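User: I should like to learn how to read several local and global features of a protein model. Could we begin with what the exposure terms mean?

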Amino acid sequence: MEHAQHQTEEADLVYRLEDKPPFFNALISAITHLLAIFVPMVTPALIVGGALNLPVHMTAYLVSMAMVASGIGTYIQVHRFGFIGSGMLSIQSVNFSFVSVMIAVGLSMKDNGIDEHTMISTLLGISFVGAFLVCGAAWILPYLKRVITPTVSGVVVLLIGLSLIDIGITDFGGGFGAKGTEAFGSLQNIGLAGLVLVVVLIFNCMRNPFLRMSGIAVGLIAGYIVALCLGMVDFSPLKDVDIFTIPVPFKYGFAFDWSAFWVAAIIYLLSVFEAVGDLTATAMVSGQPYEGEEFRQRLRGGVFADGLVSVIATALGSLPLTTFAQNNGVIQMTGVASRHVGKFIAAILVLFGLFPIVGRAFTTIPSPVLGGAMVLMFGLIAIAGVRIIMTHGINRREAVIAATAVGVGLGVAFEPEVFKMLPDVFRNAIAAGGITAVVLNLILPRDAQDKSIYLSEK
């Protein structure tokens, strides 16, 4: 009789899930993981801070709390407290899906004359409340799958990537602060961003998996060095920095906005399926069952932990978190799937976050340096959306849903005033496209004779 639960081969694993590597080996493995994921982990806070033109101390605090919250969340996932956590090497990180939403909502608030403190407290407030949706969703996963299909989630991920590209190309030209000046789009800015992009592309073409995954970090370092030589790095944020920072819950207060909340709620529900995919991949590369009751418990605990960690993160002052997909590539590359290594990763992240100098140092990265790497990264997010749509093939019905939803979403992005008579949630490209996809998926009839087309090697 065949084993009822699918399980991957463990032959390539150096350290399996429950193995406890020696201290030095565990430390080296933790650092290897961090090298591949650290930059994407702190970048969302830098992007949001730059786009909303937040004071340096606010952006630095967002970065610091992202590291602290990621450390706390990673420990919860890998340790597994009762039913909470996946019990696998699941690293938590800031979710890129929220970046464009936070920026769009924040800019709308700024246009209405709302100050930075109220804006941040509102953005974190709606994220705090929305995180409880993920906790609840963990218990109704089978029902959600009927509503949010690969076509629906793929459309939203595609729109997220396309929306972020606008932010990336703005940084490419010099950043939001340079708009309207001669510096925006200058040869110096474009040349620097182009250099970073070329370096990332070169490393992305290499055969060594670690070099490929390190491409973004290497590109940013190369760009930063060149920016230093050109005198483009401003070190003023590093002056008068406290040695140690204590996380303060709701540091900027607590505010809430219903219209903005519905936009965040949609992204939160879709992040559930992102987490499901990431946790399934982690189980596979860790040699664990990816079907059956044991896996369902891991899945439920991992998704619940995602929500709980975002509650903690937004309360501390970080953007929402989710399970980090890049970590699965690192497990495959290193052969280290031990959840005990995750405890080392968690400790290092919390330690870095408690020293403000680390967060401040990241705020000195010039916008063109970030833009050079982000254009590619955000483009890849858009392509990931296309791949999700094609996961289970695409037929005429799915094509109509995707085309209509993307058309509405991009239309709103180009002309947000089109739906000015409707609630504000429809003036956000991602929300408008996502709602359109969900509604069409529920009302359009299915045709048994409508055959799906699948991508294949042929």
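Analyst: A residue is called buried under 20% relative accessible area, exposed over 50%, and partly exposed in between. Please keep in mind that the model before us is predicted.

User: With that cut-off, is Asn53 buried or exposed?

Analyst: Asn53 counts as exposed because its relative accessibility is 52%. Asn53 is found in the loop between helix 1 (23-51) and helix 2 (56-79).

User: What is the sign of phi in Asn53?

Analyst: Most residues other than glycine have a negative phi. In Asn53, phi is near 55°, a positive value in a residue other than glycine. Arg80 also has a positive phi, near 65°. Arg80 lies in the loop between helix 2 and strand 1 (92-94), and with a relative accessible area of 25% it is partly exposed.

User: Which residues does Ser93 touch?

Analyst: Ser93 lies in strand 1 and counts as buried, since its relative accessibility is 0%. Leaving aside residues up to four places away in sequence, Ser93 touches Met41, Ser70, Pro320, Leu321, Thr322 and Phe324.

User: How should one read a nonpolar core, and which members touch the most others here?

Analyst: In soluble globular proteins, nonpolar side chains tend to be buried together. Here the largest nonpolar core has 133 residues, and Ile47, Val155, Val303, Ile345 and Phe362 touch the most other members. Helix 10 gives the most to this core, with 16 residues. For Phe362, the contacts beyond four places in sequence are Phe38, Val42, Leu46 and Val63.

User: Turning to pockets, what is the volume of the second largest pocket, and which residues lie nearest its centre?

Analyst: A pocket may be described by its volume, its lining and the elements that supply that lining. The second largest pocket has a volume of about 1100 Å³. Its lining comprises 40 residues, with Ile103, Ala104, Val105, Leu107 and Asn428 nearest the centre.

User: Which helix gives the most to the lining of the second largest pocket?

Analyst: Helix 3 gives the most, with 10 residues. At least two lining residues each come from helix 3 (99-111), helix 6 (150-172), helix 10 (258-285), helix 16 (396-414) and helix 17 (429-443).

User: How many residues of each class are in the lining of the second largest pocket?

Analyst: The lining of the second largest pocket has 22 nonpolar, 10 polar and 8 charged residues.

Key. Residues numbered from 1 in each chain as written. Predicted model: local features only at pLDDT ≥ 70, side-chain atom pairs only at ≥ 80, totals over all residues. Heavy atoms only, no water. 1 Å grid on protein atoms, 1.4 Å probe; cavity = no way out; pocket = protein on both sides within 12 Å on 5 of 7 lines; lining within 4 Å. Points joined across faces, edges and corners; volume = space filled by probe spheres on them. Helix = DSSP H or I, 4+ residues; strand = E, 2+ residues; numbered from the N terminus. Nonpolar A, V, L, I, M, F, W, Y, C, P; charged D, E, K, R; others polar. Core = buried A, V, L, I, M, F, W, Y, C linked by side-chain atoms within 4.5 Å. Buried < 20%, exposed > 50% of the residue type's maximum accessible area, 1.4 Å probe, protein only. Contact = heavy atoms within 4.5 Å.
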